[in-house]
There are 2 protein chains.
Amino acid sequence: MKLITRNTDYAIRALIYICGRKNKITSVSELVAKTKIPRPFLRKLLQILNKKGILRSSKGQKGGFMLAAEPQEIFLTDLIRIFQGSLKLNECLFKKEPCVKKSICPLNKVIRDIEEDVLKKLKAINVASLAFKFRKLGIN
Amino acid sequence: MKLITRNTDYAIRALIYICGRKNKITSVSELVAKTKIPRPFLRKLLQILNKKGILRSSKGQKGGFMLAAEPQEIFLTDLIRIFQGSLKLNECLFKKEPCVKKSICPLNKVIRDIEEDVLKKLKAINVASLAFKFRKLGIN
DNA sequence: GACAAATGATACTAAAGCAGTATCATATAT
DNA sequence: ATATATGATACTGCTTTAGTATCATTTGTC
């Protein structure tokens with residue numbers, strides 16, 4: 001039972017660092033030095049964030065990445081969705097023979113309620129607020 | 001991101017049914033007929049619940065399972081712990097080089113807070129209350 | 001006592017997701 | 001030209017999930 005996996009975690013930390021660099025381009029080399037994330041893995045993550053419109057990249061020497069979106073508009077839910085697919089905590093568990101009464105199933109309901117609450121809380125967290133907290137503590 | 005996996009889900013549904021049978025012994029055959037859970041898989045789950053002291057079994061003809069614990073004392077958290085291991089939502093994500101400031105890491109903190117809230121809510125759900133809800137709806 | 005019907009114990013398997021690595025192509029500042 | 005970036009893509013190893021398969025043991029019934 002994991003809320004966020006490692007690639008989501010890495011992505012968030014990379015974004016927090018990039019956010020702190022404001023409008024300056026940040027290279028993978030700099031990110032690797034600061035975050036200790038394995039280089040080829042981080043490269044892959046950044047390329048995905050680029051394709052998803054969260055980062056903007058420039059190639060060639062002096063190339064790198066910068067934010068393409070406002071940091072207060074990049075939510076934890078977005079990153080989880082990108083790197084972990086669906087946000088549903090309880091997928092349909094009876095794939096073969098779906099319970100006809102699924103919509104009123106009490107077990108599904110209690111799980112759904114918890115799920116919705118989690119999503120609401122995740123939705124309230126964005127890169128800007130996290131970056132602010134890190135900055136205040138002098139981390140990164 | 002799944003709160004409960006299929007074996008936990010199956011286990012809960014089996015327990016709910018067994019709970020409804022009160023003090024009568026319930027065989028795997030009856031449970032398979034009612035829940036449509038694959039027989040060998042269900043057998044394995046019930047054996048685990050037996051070992052963990054949640055079910056009591058009797059062998060031989062007319063054998064089967066009944067609750068070994070009070071249904072209001074069997075919590076969702078217990079079953080998740082049994083079938084999904086730890087309840088930690090965010091395991092240590094920097095295994096190789098653990099962040100020294102982990103205890104004060106803002107990202108870890110927000111995730112931990114959500115996690116604790118989820119656990120509190122899961123802890124409030126037990127087999128008895130679920131069985132009651134199912135019964136009221138005439139399901140199972 | 002034989003037998004059928006139940007659980008106990010254990011080992012095995014297939015598929016999916018997670019956490020990366022490796023390589024080559026392409027763009028660009030100097 | 002060349003060094004230094006990213007882009008695209010394919011591959012690998014490990015773990016978890018979701019089961020299946022077999023044989024041993026116990027027990028009620030005839």
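Which elements of chain A and chain B each supply at least two residues of the surface near DNA strand C? In this predicted model, the contributors from chain A are α1 (6-20) and α3 (39-51), while chain B brings α2 (28-35), α3 and β2 (64-67).

**The surface near DNA strand C**

Let's stay with that surface for a moment. There are 25 residues around DNA strand C, and those that come nearest are R6(A), P38(A), G60(A), V28(B) and S57(B). Sorted by class, the surface near DNA strand C holds 14 polar residues, six charged ones and five nonpolar ones.

**Chain A as a whole**

It helps to step back to the chain itself. Chain A contains six helices and two strands. Read from the N terminus, its elements follow the order α-α-α-β-β-α-α-α, with the two strands placed between three helices and three more. Chain A has 140 residues, and 33% of them count as buried. As for its contacts between residues at least 6 apart in sequence, 61% join residues at least 24 apart.

**Two helices of chain B**

Now for a pair of helices in the other chain. How do the axes of helix α1 (residues 6-20) and helix α3 (residues 39-51) of chain B cross? They come within 10 Å and cross at roughly 75°. Angles of 65 to 115 degrees count as roughly perpendicular, and α1(B) and α3(B) are therefore roughly perpendicular to each other. On the α1(B) side, the contact is made by N7(B), Y10(B), A11(B) and A14(B), and these meet L42(B), L45(B), L46(B) and L49(B) of α3(B). By class, this contact of α1(B) with α3(B) has seven nonpolar residues, one polar residue and no charged residues.

**A lysine with positive phi in each chain**

One more backbone detail is worth a look. Most residues other than glycine have a negative phi. K36(A), however, has a phi near 65°, a positive value in a residue other than glycine. K36(B) likewise has a positive phi, near 65°. Where do these lysines lie? K36(A) is found in the loop between α2 (28-35) and α3 of chain A, and K36(B) is in the loop between α2 and α3 of chain B.

| Residue | Phi | Other C-beta atoms within 10 Å | Exposure |
|---|---|---|---|
| K36(A) | near 65° | 14 | partly exposed |
| K36(B) | near 65° | 14 | partly exposed |

Why does K36(A) count as partly exposed? The class covers residues between the buried limit of 20 or more neighbours and the exposed limit of 12 or fewer, and K36(A) has 14 other C-beta atoms within 10 Å, so it is partly exposed.

How values were computed
Residues numbered from 1 in each chain as written. Chains lettered and ligands numbered in written order. Predicted model: local features only at pLDDT ≥ 70, side-chain atom pairs only at ≥ 80, totals over all residues. Axes fitted to C-alpha atoms, helices over the stretch in contact; angles between N-to-C directions. Helix = DSSP H or I, 4+ residues; strand = E, 2+ residues; numbered from the N terminus. Parallel < 35°, antiparallel > 145°, perpendicular 65-115°, else oblique. Contact = placed C-beta atoms within 7 Å. Nonpolar A, V, L, I, M, F, W, Y, C, P; charged D, E, K, R; others polar. Near = placed C-beta within 6 Å.
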